[in-house]
Structures are given as C-alpha cells and as structure tokens.
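Good morning, and thank you for coming. Please take a moment with the sequence and the model before I begin.

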Amino acid sequence: MHAYPHGHVFYRRLTKRLPRIVRGEGCWLEDADGKRYLDACGGAFVACLGHGNAEIADAMAEQARRVAYVNGTMFTTEPVETLARELAATLPGDLDHLYFLSSGSEAVEAALKLARQYWVERGQPEKRKILALSAAYHGNTLLALSASAREHYKTYFRDWMVDVVRVPVPCFRCVCRGEDSTCPTCSGTALEAAIERVGPESVAAFIAEPVGGSSTGAAVPRGEYFRTVRDICDRHDVLFIADEVLCGAGRTGTWWAIEPFGVTPDLMTLGKGIAAGYAPLSAVAAPRRIVDVIARGSGALLHAQTFSFHPVACAAGLATVRYLGSHRLVERCAELGTRFQEQLAGLAGLPHVGAVRGRGLLAGIEFVEDTNTGVPFPRTVKFAETFTEQALAAGLVVWPNTGHVDGTRGDLVMLAPPYIVTTSELDEIVTRFAAALDRTLAALPVAVR
Ligand SMILES: Cc1ncc(COP(=O)(O)O)c(C=O)c1O
C-alpha cells in the first residue's frame, strides 16, 4: 500500500492508501500483494479493450521506434492521417475532420474556442455565450469546468469561471420521470426558452452529452430530445456540440451515442475510449463547413498545445479503432449491453437502490435514503464512498459520484466494463455489486440503514 507522505508522489487523494497495480489482463487488475480486482469501470470509462492488449502495445512501440514526436505545426505523420480518416468514417453526417489533443478537457476547451472563433470569423462577434446542461460534466480546465455543473469542483475557483447559461438536464430526477412528451426539460423545449431569454444573437453554442456520464448516472434522454435540440439550434444559429468523451467510442452500443437520435451535431468531442487508455488521446471532430471558415479567415484554430497530434497516441488510437472494428466490439457492446442492463434492472429491488439507468455497457446505479421519495442520503453518510471502498475490498472496481442532486447530496456508482467482458464476468460484477451493497449497509450507522 502507498500513502502520502511516504515516497515522493503528490497523490490525487492525500488521505487514502493506494494499492500498487503491477499488471492487468482483460478485465482484471492485480496488485503487488497478488490481490485481483475485476475492473467494472475501465478506470474512468477508459479501458474499453481491457488491460494488456498486445496489439495496441506493439503498434505504439513500433511508432515510438519510427518517430515518437514531431510538432503538429510543422509536420504530420502516418498515424495522424490514417486515424483521422478511419475515425471520420465512423462519425455521423459531415463530421469528417479531426483535431487531436490529449485529454477530454482539452477537447472541450478547443471545441468551445472553435465555436467562438467560428462566429467571430463569420462576422458575428456578438455570439459568445455558451449553454450547457445541469447536471453535466465536461472537464476540469477552467472553460470546461465553467461548462460543467459540478459545483463542488468549482469551490476555490468561482472567480475565474466564465458565465455559462444552464439548461435543465433531461430524464434525470425529473418529476415526469422522463415519460411526459410535453415536459420542457425532457422534450428539449427548455433549451429554446433559455436561448430566447439570453438572446439568440448572443449564443455561440450548446454543449451536451448524448448519454449522461457520472453526473447523471448514465441518464438517457427521450428519443426525440436531440431532434428537438437540433431543430432549435438550427433555427437560432447556435452550434450544437455533442460531448462524447465518455459515452462515445462504442460504449453505448453504437459507435457514437448520438446515432440512435438520428441527428448530426455541429462539433463533437471524443476522448477516453478512443485509445482505450493505452495513451491519452482526445479529439474535436468538425465538418468542412466550419473548418473552411477558419481556413479562409485566420488560418488556424487558436488553441496551441505541445502534445496535440501526438504520433504515438494516434498510433494507439488507430490500433484501438481497428481492433474495435475487426473484433466487432461495438456490436458486442450492444448485444452484451442489452443483457447487462436487464441484469442491472434486477438490482432495483435491493435496499436503497433508487434508480438504475444506462445504455449498452454504461450504467449508473443511484442510491437514496428513501426509495419511495428519492430523498438522498445526508452527505455525512458518504454512501457512495463507502460502497466504493467495500466493492474494492470485495475485488470490484466501480466509479463513484456524489453531489448530483443539489451540488452536495447525491450518491451513485457507475459501471462501464471493457467490451471484451465475458458473460460470466458480467454475472460476477452483479454478484460482487450485491455483496458490496450488503457490506455497505452493515458499515452504515443503524439510523440510516
Ligand atoms: C463528458 C466528459 N467530457 C469531458 C471530460 C473531461 O475529460 P478528461 O478527464 O480526460 O479531461 C470528461 C471526463 O470524465 C467527461 O466525462
């Protein structure tokens, strides 16, 4: 076990003891003491091919031997060109140009800057406002954090935030339960009200996750939601940015989570699964009609980063995209996803399970104090954290989230197993999940059990 202040690492959690992972294979991780963990969330929704994939490792090593790094302002490389072409072939509509970065936050920053720069260079400099859903998460750098509705992440930085207009998130803790086609929140018409309130002439972009991540426990909007959004954005000259950093790359059973909604966003952000965790890789996808405006104007997106268009990261991305295709893993994700969601729906009867949401191999299980009213646990109970610790003790890795109800309260955990997961491993995830819940309840103060 490792813990601050022993050693020289400034850990992400300074009060926790961390096992040291020495190897991974498939859905399993092994620590230095030989303990094995079933990775049911791919770290942070990243390891979609599982651990220890030799094909991806070989592709990276080969590229590192050829040329590991050149700067994207001076040169291009084979993996950058090929990955852009092969990713473009998977993307919806006219999204066929890719700008590669490292993290999801960087991709969101770049997409929002691109939206702003596009309007200025098109001669509409008054279009500067950003609209985003609440709850939502789009990253942790300052513009991406401004677009996120994660109040506790902003605690010390509010003075540095950009104002972002909030629109209520669909099909998440709504009184209509996502069942009322006339509900402004769940049908999408709340977006129009927000645009009209702030003035369409001042709005640059609306950013949303097609399927929610951890801030909504994988909430899936109603089928018509993004058609309504598309129509509203078109009528008001607002760019629609789909943030697929978490839900994309096959995770929900289609290459891109927006696909079943039948619309094409103006811009899309990709990350996490596109290189399966073998390298940090993200991207902004844009159509020619937008890139051409910059090409004819200033000639460059004003977003410089040393490690953009990184050849080894793009080699990892290319090998991942090819592996997903050649092993039909997106289709597998859809098939297993149907089974997985049915299995998880069975957890809804367990104590304190308030909701189970998701699509494909992405799921969120929300815990509440009272399942009849949906009232969350007091934050002092630390339900999600306790559950996650108990799950880890039981050899199951899950992703916790807190604060989604009101910025403070709210407990849920996310599951996002690798697409290579077997049906017996899915069964094992469900079994260990139920065991972790038992252990959590036993560890809770009697008054809230
Ligand atoms: C939807 C979404 N967008 C952006 C990000 C930011 O990505 P990163 O943590 O790689 O910066 C995340 C991270 O979880 C995310 O879920």
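I begin with a definition: a residue is called buried when its relative accessible area is under 20%, exposed when over 50%, and partly exposed in between, using a 1.4 Å probe and protein chains only. Helices (H or I, at least four residues) and strands (E, at least two) are DSSP runs, numbered from the N terminus. What you see is a predicted model, in which local features need pLDDT of at least 70 and side-chain atom pairs count only at pLDDT 80 or more, while totals for chains, interfaces and linings use all residues. Residues are numbered from 1 along each chain as its sequence is written, and side-chain values use heavy atoms, with hydrogens and water left out.

Let us start with helix α8. Which residues of this helix, residues 225–235, are buried? They are Tyr225, Phe226, Thr228, Val229, Arg230, Ile232 and Cys233. These buried residues pack against β5, α6 (184–187), α7 (189–198), β7 (203–208) and β8 (239–244), where contact means heavy atoms within 4.5 Å. After α8 comes Asp237, with a positive phi near 55°.

One of the helices just named, α6, contains Thr185. Thr185 counts as buried because its relative accessibility is 18%. Leaving aside residues up to four places away in sequence, Thr185 touches Pro168, Val169, Pro170, Ala190 and Tyr225. Tyr225, as we saw, is among the buried residues of α8.

I turn now to a pair of helices. Helix α3 (residues 78–88) and helix α10 (residues 311–326) pack at an angle of about 35°, and their axes are 8 Å apart. Here the axes are lines fitted to C-alpha atoms, for helices over the stretch in contact, and angles run from 0 to 180 degrees between N-to-C directions. The crossing of α3 and α10 is left-handed, a term used if the near helix is turned anticlockwise from the far one by less than a right angle; clockwise would be right-handed. On the α3 side, the residues that meet α10 are Pro79, Val80, Thr82, Leu83, Glu86 and Leu87. Their counterparts in α10 are Pro311, Cys314, Ala315, Gly317, Leu318, Val321 and Arg322.

Two of these residues bring us to salt bridges. A salt bridge is a side-chain nitrogen of Lys or Arg within 4 Å of a carboxyl oxygen of Asp or Glu. How many does the structure hold? There are 22 salt bridges. In one of them, Arg322 pairs with Glu86, and the closest N and O atoms are 2.6 Å apart. This pair links distant parts of the chain, as Arg322 in helix α10 and Glu86 in helix α3 are 236 residues apart. Arg322 is partly exposed, with a relative accessible area of 43%, and Glu86 is partly exposed at 23%.

Another salt bridge joins Arg66 and Glu62, with closest N and O atoms 3.0 Å apart. Because these two are four residues apart in helix α2 (residues 54–66), about one helical turn separates them. Arg66 is exposed, at 62% relative accessible area, whereas Glu62 counts as partly exposed at 40%.

A third example is the salt bridge between the side chains of Asp411 and Arg379, at 2.8 Å from N to O. Asp411 lies in strand β15 (residues 411–415) and Arg379 in the loop between β12 (362–367) and α12 (383–393), so the pair ties together parts that are 32 residues apart in sequence. Are these two residues buried or exposed? Both Asp411 and Arg379 are buried. Salt bridges with shared partners also join Asp94, Arg230, Asp234, Asp266 and Arg289 into one network.

I close with some details of the backbone. A cis peptide bond, with omega about 10°, joins Tyr4 and Pro5; Pro5 is in the segment before β1 (21–25). The peptide bond from Ser134 to Ala135 is also cis, with omega near 10°, and Ala135 is in the loop between β5 (129–134) and α5. Positive phi values appear at Phe309, near 60°, and at His352, about 70°; neither residue is a glycine. Phe309 lies in the loop between α9 (288–296) and α10. His352 is in the loop between α11 (329–345) and β11 (353–359), and its relative accessibility of 10% is why His352 counts as buried.
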